[in-house]
Amino acid sequence: MKRPEKNLVLLLSDMKGFTERTSRQTREENARMLALHDALLLPVIRGYHGRKVKGLGDALVAAFLSPTDAVLCAMAMQDRLAGWNGRAEPGDRIEIRIALSQGEVRRSRGDLHGEAMQLALEAEARAEAGEVVLTDAVYLSMNKTEAATEVVGEVPLHGGGRIRLRRAVRGTDPVAPYGGRALARLRRLPDPARAVRLRMAAESVLDFARKRAVWTAAGLLLVAAAAGEHVSGAAENDPLARAAAFLEAREPMAALAELDRLADSPRANDPEVQIVRGKAEHALGQLGPAFADFAAAAKRDPRSLDAGAVAALADLLDSEAFPPVWRPALLKLLGEQVGRAAAPALRELLSSERARSRDDALHVLEVTGAATDDDRLTVARSDLLDPHASCAARRTAVRRLALVGSGEAATLLAGAAEARACGSAEARDALRRRQNAKVAEVR
């Protein structure tokens, strides 16, 4: 579902050498590096009234209302990292490049769209580590006395023409390349080392809790086995069969522990293994990993997605906790690889309390050719009765009702026409066309 466009300043940053570093570091070292990245930079963004919009690995997108605040924030971020790197061990040093762009931006399906986002990506690709690059739109709107800039090049526009890029001028001080003035305005910031320790400690507690639950489940299995309640057949020796049995017994932790025994074997990436792992992760609320496993299984063999996996995928579509950045991939998986087999699970979402879930579920049904007039009627009814529905949602509901020939659709259209709210003009027009069609039939 699309949201109204807003004029924002976007700050896009990413880390130098991120892929190379993660490939030679342990998982714990990677987690600590990202925790340190956030601990250093997010307080600076908040200090300049910015808002983190999304993050994916080392990449970060933040939004600002003020161009001057955005530029000062970017300079302060670079100064904070320079100061940190000057006293940190080599393995703890972080270098980023930053790009700033301004323009109309809209959010749709959890991602940002618009020319401003595209220009930010283009500018970021031309920035070097330690630099702050900005488009001319930001420069023209900012208070130019706050930061000196210089022209560094141009970017072609998709519709023709070019836009100029600038960068903030750096000084010679290695620990405060942008003079430190923007950073000093924030006064005392939280200790990043302490924030990292707290975050890593919290993750260790969660990891310990997970392992403890696994061993508890394993202990219960041994007790059951001692009592003669053995898992029969192939499950006695096959980790996959045992994991499936644990999953059936609602012991997802124990199921994952069994699948871990296959981690170093050729079977680790078998679709059957990934499906069971995805179901266990879904049961534990690990929605991102669950989707990744289901998607990997579907890529290897779309037929491996059974009814339980499809139901879990539909649940992801209705979950507020599912990462928005993966939502387009989820819709593509349901629409292109699951296809009509997803229809029963998706129809359960057509009356969801979440407007986005209703809209996306119907979208997949339409894409697969499985949508019916009853489906369109259900979603349109929910949208018109939803007090929080947007103006665009009401208009879309009216357009859907116009395609349905039932008496209930006509009643809903009449109600929308009388409401004198968003969509009322479209509803009156749809009713007029219906009346003209009936007159033409009589003749």
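Select Thr135 first. Thr135 is buried, at a relative accessible area of 1%; buried means under 20%, exposed over 50% and partly exposed in between, with a 1.4 Å probe and protein chains only. Thr135 belongs to strand β6, residues 132-135. Helices (H or I, at least four residues) and strands (E, at least two) are DSSP runs, numbered from the N terminus.

Now show the neighbours of Thr135. Leaving out residues up to four places away in sequence, Thr135 touches Leu100, Ser101, Gln102, Leu119, Ile163, Arg164 and Leu165. Contact means heavy atoms within 4.5 Å.

A note on the model before moving on. It is predicted, so local features need pLDDT of at least 70 and side-chain atom pairs count only at pLDDT 80 or more, while totals for chains, interfaces and linings use all residues. Residues are numbered from 1 along each chain as its sequence is written, and side-chain values use heavy atoms, with hydrogens and water left out.

Next, select strand β3, residues 59-64. Of the 6 residues of β3, 5 are buried, so the strand is largely enclosed by the rest of the structure. Add strand β1, residues 6-15. β1 and β3 run antiparallel and are joined by 5 bridges; two strands pair if DSSP finds at least two bridges between them. To see one position across the pair, pick Ser13, which stands opposite Leu60 in β3.

Step on to Leu65. Leu65 sits in the loop between β3 and α3 (67-87). Is Leu65 buried or exposed? Leu65 is exposed, with a relative accessible area of 73%. Draw a C-alpha to C-alpha distance from Leu65 to His49: 8.2 Å in space, for 16 residues of separation in sequence.

Then go to helix α16, residues 373-385. How far apart are the end C-alpha atoms of α16? They are 18 Å apart, which agrees with the 18 Å expected for 13 residues at 1.5 Å a residue. The expected span is 1.5 Å times one less than the number of residues. Colour the buried residues of α16, among them Asp375, Arg376, Leu377 and Asp383. The buried residues of α16 pack against α14 (343-347), α15 (355-367), α17 (391-402) and α18 (407-418).

Finally, zoom out. The protein has 19 helices and 8 strands. Of its 443 residues, 46% count as buried. Among contacts between residues at least 6 apart in sequence, 64% join residues at least 24 apart. The protein exposes about 23,200 Å², with carbon and sulfur atoms supplying 51%; accessible areas come from the Shrake-Rupley method with a 1.4 Å probe, and for residues only the protein chains shown count as cover.
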